[in-house]
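Biologist: I'm new to this structure and would like a close look at one part. Could you take me through the surroundings of the ligand and the helix that matters there?

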Amino acid sequence: GTPAPLYSRVMLKISGEALMGDQGFGLNPPTVERIARQVQEIHAMGVEVCMVIGGGNIFRGLQGSAQGMERTTADYMGMLATVMNALAMQSALEALGINTRVISAIPMDQVCEPYIRRRAVRHLEKKRVCIFAAGTGNPYFTTDTAATLRANEMKCQAIFKGTQVDGVYDSDPKSNPDAKRYDTVTYDEVLAKNLKVMDASAIALARDNRLPIIVFSLAEPGGLAGVLSGQGKFTMVG
Ligand code: UDP
């Protein structure tokens, strides 16, 4: 039967790379559409959905600065990349009949809405999917931190971090066949063992506000809807 969701308002964080498909760079519209369909499923369950999408498929500030660019300029380019990804996701979701808003930390009124917290909350109450773009609006941060920040502000009950693997492992499961997957792990263990979940500032921000992080695979058979109902494989950081 139809699974029942365990949460009524969630943040979905996906990296920019999740949108590029096999092409190795940029946006692959069929891949964006596949993710949009997973969002459609949880939206149909009545879940209020926030999204943050990274920008790594287009530009990363650290890469630019390693090649000689001024760091903050490179970071602003990375933030702009996340706006492009957010617009692509908006287009895919609206093609499925879902109302959305792209809400940018850096105002660009002709393109999307500026971030106004109370307005964003209202959109969620009206069941519009809110796609938060331009990260935190500040250089030296990541979209993982932006997702955690907005999840706290929107009072989301959990962050769902979609990745290539079905949870958090004690070593890289792609290079170590004996890598062990955690069902649950604490924030402090993630920080102490430097486990690959999110960067340390995002983990600390989640820990200090007791916000669970659920790491799952975007290719999980039951999909996001299953994971949101506690089915399938995932790791709960809490
Ligand atoms: N970025 C930033 N401030 C933020 C969020 C992102 O400066 O609050 C920049 C940073 O340069 C980063 C880029 O945007 O490299 C893309 O974001 P991220 O690397 O988090 O994307 P992902 O790895 O999730 O695709």
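**Around the ligand**

Modeller: Sure, let's start with the ligand: 22 residues surround it, and the closest are G54, G56, G61, G78 and G135. Keep in mind that this is a predicted model. Sorted by class, the shell around the ligand holds 13 polar, 6 nonpolar and 3 charged residues. Three helices each supply at least two residues of that shell: helix 2 (61-66), helix 3 (71-95) and helix 5 (143-153). The largest share, 5 residues, comes from helix 3, so let's stay with helix 3 and check its length. Helix 3 has 25 residues, and at 1.5 Å a residue they should span 36 Å; the C-alpha atoms at its ends are 37 Å apart, which agrees. Just after helix 3 you'll meet G97, with a positive phi of about 85°.

Helix 3 also has a packing partner, helix 1 (residues 29-44). Their axes are 9 Å apart and the angle between them is about 60°. Angles of 65 to 115 degrees would count as roughly perpendicular, and those under 35 as roughly parallel; helix 1 and helix 3 are therefore oblique to each other. Their crossing is right-handed. On the helix 1 side, V32, E33, A36 and V39 make the contact, and on the helix 3 side it's A88, M89, A92 and L93. By class, the residues in this contact of helix 1 with helix 3 come out as 7 nonpolar, 1 charged and no polar. So that's helix 3: it gives 5 residues to the shell around the ligand, and it packs against helix 1 at about 60°.

Technical notes:
Residues are numbered from 1 along each chain as its sequence is written. This is a predicted model: local features need pLDDT of at least 70, side-chain atom pairs count only at pLDDT 80 or more; totals for chains, interfaces and linings use all residues. A residue is near a molecule or strand if its C-beta atom, placed from the backbone, lies within 6 Å of it. Helices (H or I, at least four residues) and strands (E, at least two) are DSSP runs, numbered from the N terminus. Ala, Val, Leu, Ile, Met, Phe, Trp, Tyr, Cys and Pro count as nonpolar, Asp, Glu, Lys and Arg as charged, and the others, Gly among them, as polar. The expected span of a helix is 1.5 Å times one less than its number of residues. Axes are lines fitted to C-alpha atoms, for helices over the stretch in contact, and angles run from 0 to 180 degrees between N-to-C directions. Angles under 35 degrees count as roughly parallel, over 145 as roughly antiparallel, 65 to 115 as roughly perpendicular and the rest as oblique. A crossing is left-handed if the near helix is turned anticlockwise from the far one by less than a right angle, and right-handed if clockwise. Two residues are in contact if their C-beta atoms, placed from the backbone, lie within 7 Å.
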